[in-house]
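Biologist: I am new to this structure, so could you take me through it with a few questions and answers?

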Amino acid sequence: MDPHWPYEAPPGFGPARTDCEGCDSLFTTKFVPTTTTFHDEVRRRYAAEAAYTRAVLGQLHDSLDAAGALERTWLVVTSDHGEELWEHG
């Protein structure tokens, strides 16, 4: 299900999280006026989630390859939507 809210990638994927009042509140991100600094932190957290997802999918691919199963396996990755993080105002 990653990357979806809440954006909580494990340590090691992007810079360490910074203190950000409201960044863990979906209500705040959607309905409360926020600052550019706030937006930057939420986007950074989302990017860390995306990096984590790519890494896990890479591990799956490599494991299938190492087991010799990749030649007879379809690996299908789909997406239901992207995140709108203030790009459209």
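Modeller: What follows is a short exchange about a surface patch, a pocket and the backbone.

Modeller: This is a predicted model, in which local features need pLDDT of at least 70 and side-chain atom pairs count only at pLDDT 80 or more, while totals for chains, interfaces and linings use all residues. Residues are numbered from 1 along each chain as its sequence is written, and side-chain values use heavy atoms, with hydrogens and water left out.

Biologist: Is Leu 57 buried, partly exposed or exposed?

Modeller: Leu 57 lies in helix α2, residues 36–66, where a helix is a DSSP run of H or I with at least four residues, numbered from the N terminus. Buried means under 20% relative accessible area and exposed over 50%, with partly exposed in between, for a 1.4 Å probe and protein chains only. Because its relative accessibility is 31%, Leu 57 counts as partly exposed.

Biologist: Which residues are joined by a cis peptide bond?

Modeller: Most peptide bonds are trans. In the segment before α1 (26–31), where Pro 6 has its place, there is a peptide bond with omega of about 0 degrees, and this cis bond joins Trp 5 and Pro 6.

Biologist: What is the phi of Trp 86?

Modeller: Most residues other than glycine have a negative phi. Trp 86, which is placed in the segment after α2 and counts as partly exposed because its relative accessibility is 23%, is not a glycine, and yet its phi is positive, at about 70 degrees.

Technical notes. Helix = DSSP H or I, 4+ residues; strand = E, 2+ residues; numbered from the N terminus.
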